[in-house]
Amino acid sequence: MACMWISAVRGRWRTLFVILCFCELSPVTGQARYSIPEEQAEGSFVGNIARDLGLDVARLVAGKARIITKGGRQYVDLKRDKGTLVIKERIDREELCGKTTPCSFSFDIILENPIQLYRVTVEVTDINDNSPSFPQHEINLKIAESVAVGTRFSLENADDPDVGINEIQKYTIKPSDNFKLEVQNVLPGKNVIEMILQKPLDREKEETHTLMLIASDGGEPHRSGTVRIQITVLDANDNAPVCSQPVYKVDVRENSPAGTLITTVSANDADAGLYGDVTYSTRATRKADQLFDVNVKTGDIKIKGKLDFEKSKIYELNVHASDHGGYSDTCKVIVNIIDENDNVPTIELMSFSQSILEDSPPGTTVAVFNVNDEDSDGNGVVMCSINSDVPFKIESSLTGYYTIVTDNYLDRESVPEYNVTITVSDQGSPPLSTSKNINIKISDVNDSPPKFHQSEYSKTVPENNSPGFSVFTVSASDADWGQNARVSYFLEEKEINGVAVSSFVSVNSENGVIHAVRSFDYEQIKSFVFNVTARDAGSPPLSSVATVCVLIQDQNDNAPQVLYPVQTGGSVLAEMVPRSADVGYLVTKVVAVDVDSGQNAWLSYKVHKATDRALFEVGLHNGEIRTVRQVTDKDAVKQRLTVLVEDNGQPSRSATVIVNVAVADSFPEVLSEFTDFSMHDKEYNDKLTFYLVLALAVVSFLFITCLLLIISVKVYRWRQSRILYHSNLPVIPYYPPRYSDTLGTGTLQHVYNYEVCRTTDSRKGDMKNMQDMSQSLVSVDGADADTPHATNQLSGNCSQMSTLVRKCFSILLT
C-alpha cells in the first residue's frame, strides 16, 4: 500500500509538471510536453492534447489532425474524436535512448484548412526493468603469490541499461578475506572497479580462490547481477606490466576506412624472459569489439568496422597489458568520432496543395515540408531555397519545418502552372544538397472578360441582299479556361429609325455570325450601327461590347427619272425657238434625277432620235438642248427630239423623254402644225366642242387685245429679238425660271405658261393661263377627257384669262 501511495504521488507531480510546462510554452511556441514511464501498456493515456493546445475536438476532426514522425516508429496515437494521446506500442526507454538522459521523443501534429503545426515532446522516464549484467559469466585471474599487499586488479564494469537511480549504484565482493573492492568514478557514468589485495596469498595453503562480484542498482525493487572471479595463485612474478599512460584519447573521422591505425598502447614489464613478455587484449562492449581490433603483440589498435558518428559519438576500450607471470595493467582508450559531412539533407512533404486559386491573396500556404540532416554542427545546418522565377517564398515555422506561401498575386492567364524546385544544402565542406520538384497548378477564376478582336467592326453590304445573308462574323476570345472561357454572343436591343435592330440583323450566339434578317434598300437606309455583347459562362459572367457599323452599298437598281419636261398622256409639250435664233441658242433643259448614289447616279444625256440631228444637240452632263447652227426658213416648224438619259451604273439604266420643239415666229403657225399632228383620230363630244370653241374665241380676243396694248407701250424693250414677225399675234418664248441667256439674248423676269386646247372639228382652241412655272411650253391637248373634267378645266381657263387681262391693263397703266 505504501508503494502504491508513493507511485500515485509521483504520478500527480509528473502530471502537474507537464501541465505547468505546457501552460508556459503553449502560447509562445505552440508546443506540448508530456512525461510517461516506459513499458506502458498499449492504449494507456498520455495526455489531453486538445485541451493542452487550446483546440476544440471538432477542429481536430475537421482539420484531419494526424501525427507525423521523422521516419521512426510511432509510439503514440491520436484519438481525434476525444482529443487525447494514447500509447500505440510498448516503449522501451533503453532501446529508444540508451544511456541518454533525459530520454524523449518528439512528433508533430498537423492540421489542415488552414494548415497548423504543433510540436509535441514526450519524455520517457526510466523504470527499473533491467538487472545489471557483466560482460562475462566468469573472470579468470592468475595472481602470483608474491604479489604485494595493495596490488590492484582491474575488473570489468557491469552494464545496466537503466539510468538514474535505477542504474548500478554499488559493487560488493564476497568473500572479502583476501581482497577488498574499490570503485572510482573516472568519467561520468563510467567507473573503474579494482580489486585490491589486502592479505598476502599463499599458494601452498590455498591454490585457488573463488569470489563473487555483485553489482546492485538503486531501483525499487532492487536488482543485481553477479560474476564469478576464479583466482589461480601462481608462483612468484614480482614485476607487473605498467601502461605508458592510463588513458589514451584519440580522435577519428567517421569515414576512416577499415585497417586505419588509430593509436598504439604500450606497457613495460621489468621482468625478463617469459614474465617480461607483455600481451595486449581488450575487453569492450559488443559494438566496440566489432569496430576495433587490438594487436596482441604490438598493442596497435585499428579500425575493422564502419564508424558512424550519427550512431555513436564516443567509444571506450579497456586494454589489458599482461605478462605470462599473471601480472597485468589496464589502460583506457577513449575514441572520439569526428563528424563528417556524409549525410545528404532530406526533404519530406508534410502537406501539399496541388492546385491553388489564382485569386488567392499573398501569404496563402501552398506546401509544408520538413528538412532533416543527421550530421552535427555546421554539417547539419541547412539552408532552404526555391527557384527565383516563381511567385512563392519560403517561411520557417517550427524547427526543421518550412512553408511555401504565395509571394504575389497569381494570374492563370499568364502562367497556368509553376514548377517549384526546393533546394536544401548544408554548411559542410564540401556542402551537400538535395532538391525536390513540385508542380503547382493555378485554378482558373473568371477574372478576364471576353475581348473582341476589334472594338469596332465595319462591313459593307450590297443592297437587295437576300434575307438570311451572312453579313460577317464577330469574334471574341476569353483568356480564362473551361466554362469561364465559353463565349456567347448577344444582340443589344436598340431602335433604328423607330424599328428594333433585331428586325434588321440577328447574331448566332455560338459562333458570332451576323445574318441579315431583311433585304436592305440603300434608298431607305444607308447605314446603321448596333452593339454586339460577348458574355462568358463564368459566375458571375463577364462581358464586353463591340460596335458594328453596317454600310449599305448602293446597287444600280433605279432608272433615271425625268423631272422636266413633264410627259403627260394627253398633251404635246413644245418649246418655242424663233427662226432668228443664233447658234448655241438654249432651247430647253432636260432635268433628270437618279435616286441611286455614286456613279450609279451620274447621268449623261444624248440625243437618241431627232427630226433634224444637225439642228440641235444636248449637253452630255447638263442636259441643255441648244441649237447647233443658225435656224433657217427651210427648217420644219415641227421638230421632235428623243433624249436618252443614262446613268453610269453596271449595268446601266436609262430613260427617254420626247422634247417637241416649234421653230416658228407666229403662234397660229404653231397651232396649226401641232394640231394637225396631234389631234387626228380623236372623237369628242359635240357639246364639249361648242364650249371649247366659244371659250377659245373669247380668250383669243381678249388675249390679242392685251398683247397689242402691251406691245405698243413696251415696244422699245424688245429691240434684241423680234417676237412679232409676220404676224399680228406675238409668241412669248419660255425660259426656265431665272435663266440667263448665255448668248446675251436676255431673260424674262416673269414668265407665263399657255395651254391651247383645240378640237379636230372646230380648228379652234382655248388658251389657258397657268401660274408662274419653271418652264415654258406650248401644249396642244386632245379632247379625250370626260365632259365634267373638261368643263371644269374650261371654267378655270376662262378665270385665268380674265386675270391675265387685268394684269395686262395694270402693266399699261404703269
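**Exercise 1. An open sheet**

In what order do the four strands of the open sheet stand, and is the pairing mixed?

*Solution.* Keep in mind throughout that this is a predicted model.

Step 1. Reading across the open sheet, the order is β16-β23-β22-β19, and the pairing is mixed.

Step 2. Now look at the edges. β16 (247-253) and β19 (279-283) each have a single partner strand, so one side of each is left without a neighbour in the sheet.

Step 3. From one strand to the next, the twist averages 30°.

Step 4. Turn to one pair within the sheet. β22 (residues 314-322) and β23 (residues 328-338) run antiparallel and are joined by nine bridges. To place yourself on this pair, find His320, which stands opposite Thr330 in β23.

**Exercise 2. Cysteines, bonded and not**

Find the disulfide, give its handedness, and then explain why the sulfur of Cys331 is not bonded to that of Cys243.

*Solution.* Step 1. Searching the whole structure turns up one disulfide. Its partners are Cys97 and Cys103, with an S to S distance of 1.9 Å.

Step 2. Check the torsion about the S-S bond of Cys97 and Cys103: it is about 70°, so the disulfide is right-handed.

Step 3. Next, consider the surroundings of the two partners. Cys97 has a relative accessible area of 17% and is buried; Cys103, at 2% relative accessibility, counts as buried too. The cut-off for buried is under 20%.

Step 4. Finally, take Cys331. Its closest cysteine sulfur is in Cys243, 3.7 Å away, which is too far for a bond, because a disulfide needs the sulfur atoms within 2.5 Å. Cys331 counts as buried, at 1% relative accessibility.

**Exercise 3. A loop residue and its contacts**

Is Phe134 buried or exposed, and which residues does Phe134 touch beyond those up to four places away in sequence?

*Solution.* Step 1. Locate Phe134 in the loop between β7 (116-125) and β8 (138-144).

Step 2. The relative accessible area of Phe134 is 11%, so this residue is buried, the cut-off being under 20%.

Step 3. List the contacts: Phe134 touches Glu156, Asn157, Ala158, Tyr171, Leu213, Ala215, Gly225, Thr226 and Val227.

Step 4. Pick out Gly225 from that list. Phe134 and Gly225 are 91 residues apart along the chain, yet their C-alpha atoms are separated by 7.1 Å.

**Exercise 4. β41 and the largest nonpolar core**

Describe the largest nonpolar core, and then work out how β41 is placed among its neighbours.

*Solution.* Step 1. Start with the background: in soluble globular proteins, nonpolar side chains tend to be buried together.

Step 2. The largest nonpolar core has 28 residues, and Ile514, Phe528, Phe530 and Val532 touch the most other members. At least two residues come from each of several strands, including β33 (456-462), β41 (527-536) and β42 (543-553). Another core, of 27 residues, lies apart from it; among them are Leu78, Leu85, Cys97 and Ile109.

Step 3. Zoom in on Phe528. Beyond its neighbours within four places in sequence, Phe528 is in contact with Ile496, Phe504, Val505, Phe520, Val548, Cys549, Val550 and Ile552.

Step 4. Seven of the 10 residues of β41 are buried, so this strand is largely enclosed by the rest of the structure.

Step 5. Now add the partners. β41 pairs with β36 in the antiparallel sense over five bridges, with Val487 opposite Asp536 in β41. β41 also runs antiparallel to β42, through nine bridges. Arg535 has Ser543 in β42 as its bridge partner, and six residues lie between β41 and β42 in the hairpin they form.

How values were computed
Residues numbered from 1 in each chain as written. Predicted model: local features only at pLDDT ≥ 70, side-chain atom pairs only at ≥ 80, totals over all residues. Heavy atoms only, no water. Buried < 20%, exposed > 50% of the residue type's maximum accessible area, 1.4 Å probe, protein only. Contact = heavy atoms within 4.5 Å. Pairing = 2+ DSSP bridges. Axes fitted to C-alpha atoms, helices over the stretch in contact; angles between N-to-C directions. Core = buried A, V, L, I, M, F, W, Y, C linked by side-chain atoms within 4.5 Å.
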